[in-house]
Amino acid sequence: MAIKKNPEQDELKKILNYFHEGNIEMVIKTGVPLFKKYPKSDTLSQILTETYNAIGSNLYLQNKYGEAIEAFYKALEFKSDYASPYNNLGIIFEKQDNNKKSEKSFLKALELNPKSADVYR
C-alpha cells in the first residue's frame, strides 16, 4: 500500500478554515500532528510555515526577539525554502547587532527569492 502524500480534503479544509479565521492555536493543534502523518504535503507545510511566520512577526512587534527567533526557525522546519522567515530573522539579528547572522539570513532570503523587495529595504 502506497503512503499518501496529502491528508484528506476534509482535514485540509478544516485547517484552512482555522487559518483563515486566525485561529492559530487550532491550526497548530490539528496541523502539526497531521504534518507528522503527511510530511510531504505541500499545502500543509505552507500553512504551518505561514502560521509560525505570523507568530514570529507578532512576537517581534512585541519586542520578544528570542521567542520570535524560535517561531521563525519553527516555520523553517515545515518549509525550509520559504524566504520570509529568513528575512525576518535577518531583521532581528540586525537589531541585535549580530551582523554575521543578519547577513547570512538576508543572503538566504535573497537566494530563495531574488526579487524580494523586503531584503532591499
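**Salt bridges, helices and an aromatic cluster in a predicted model**

The side chains of Glu77 and Lys74 form a salt bridge, with N and O 3.3 Å apart. Both residues belong to helix H4, where a spacing of 3 residues places them about one turn of the helix apart. Glu77 is classed as exposed because its relative accessibility is 55%, over the 50% cut-off. Lys74, at 26% relative accessibility, counts as partly exposed. The structure discussed here is a predicted model. Its pLDDT averages 91 over the protein, and 93% of the residues score at least 70. Among the elements, H4 has the highest mean pLDDT, 98, whereas H1 has the lowest, 92.

The bridge in H4 belongs to a small set. A search of the whole structure finds 3 salt bridges. Side chains of opposite charge can pair when their charged atoms come close. In another of these bridges, Lys79 is joined to Asp81, and the closest N and O atoms are 3.3 Å apart. Lys79 has a relative accessibility of 22% and therefore counts as partly exposed. Asp81 is also partly exposed, with a relative accessible area of 47%. A further bridge connects the side chains of Lys108 and Glu111, again with 3.3 Å from N to O. Lys108 and Glu111 both lie in helix H6, which covers residues 99-112, and they are 3 residues apart, about one turn of the helix. Lys108 is partly exposed at 27% relative accessible area, while Glu111 is exposed at 55%.

The next element to consider is helix H4 itself. Its 14 residues, 65-78, should span 20 Å at 1.5 Å a residue, and the end C-alpha atoms are 21 Å apart, so the expected and computed values agree. The buried residues of H4 are Tyr65, Ala68, Ile69, Ala71, Phe72, Ala75, Leu76 and Phe78. Which helices cover them? The covering elements include helix H2 (24-37), helix H3 (42-61) and helix H5 (83-95).

One of the buried residues of H4, Phe78, also takes part in the aromatic contacts of the model. The count of aromatic pairs comes to 3. In the pair of Phe35 and Phe78, the ring centres are 5.0 Å apart and the planes meet at 80°; an angle over 60 degrees counts as edge-to-face, so this pair is classed that way. The pair links distant parts of the chain, since Phe35 is in helix H2 and Phe78 in helix H4, 43 residues apart. Phe35 and Phe78 are both buried. Together with Tyr52, Phe35 and Phe78 form one aromatic cluster.

Helix H5 can be examined in the manner used for H4. At 1.5 Å a residue, the 13 residues of H5 should span 18 Å, and a distance of 19 Å between the end C-alpha atoms agrees with this. Is H5 largely enclosed or largely open? Because 10 of its 13 residues are buried, H5 is largely enclosed by the rest of the structure. The buried residues are Ala83, Pro85, Tyr86, Asn87, Asn88, Leu89, Gly90, Ile91, Ile92 and Phe93. What covers them includes H3, H4 and H6. Just after H5, Asp97 adopts a positive phi of about 60°.

Within H5, Asn88 offers a detailed view of these surroundings. Asn88 has a relative accessible area of 15%, under the 20% limit, and is therefore buried. The side chain of Asn88 makes a polar contact with the side chain of Asn53 at 3.0 Å. Leaving aside residues up to four places away in sequence, Asn88 touches Asn53, Ser57 and Phe72. Of these, Phe72 is listed among the buried residues of H4.

A loop residue provides the last point. Asn23 lies in the loop between helix H1 (9-21) and H2. With a relative accessibility of 27%, Asn23 counts as partly exposed. Between Asn23 and Tyr86 there are 24 Å in space, C-alpha to C-alpha, and the two are 63 residues apart in sequence. Tyr86 is one of the buried residues of H5.

Terms used: Residues are numbered from 1 along each chain as its sequence is written. Side-chain values use heavy atoms; hydrogens and water are left out. Helices (H or I, at least four residues) and strands (E, at least two) are DSSP runs, numbered from the N terminus. The expected span of a helix is 1.5 Å times one less than its number of residues. Buried means under 20% relative accessible area, exposed over 50%, partly exposed in between (1.4 Å probe, protein chains only). Contact means heavy atoms within 4.5 Å. A salt bridge is a side-chain nitrogen of Lys or Arg within 4 Å of a carboxyl oxygen of Asp or Glu. A polar contact is a pair of N or O atoms within 3.5 Å; within protein, one must be able to donate a hydrogen and the other to accept it, and residues adjacent in sequence count only if both atoms are side-chain atoms. pLDDT is the predictor's confidence in each residue, from 0 to 100. Rings of Phe, Tyr and Trp (its six-membered ring) pair if their centres lie within 6.5 Å; planes under 30 degrees apart count as stacked, over 60 as edge-to-face and the rest as tilted.
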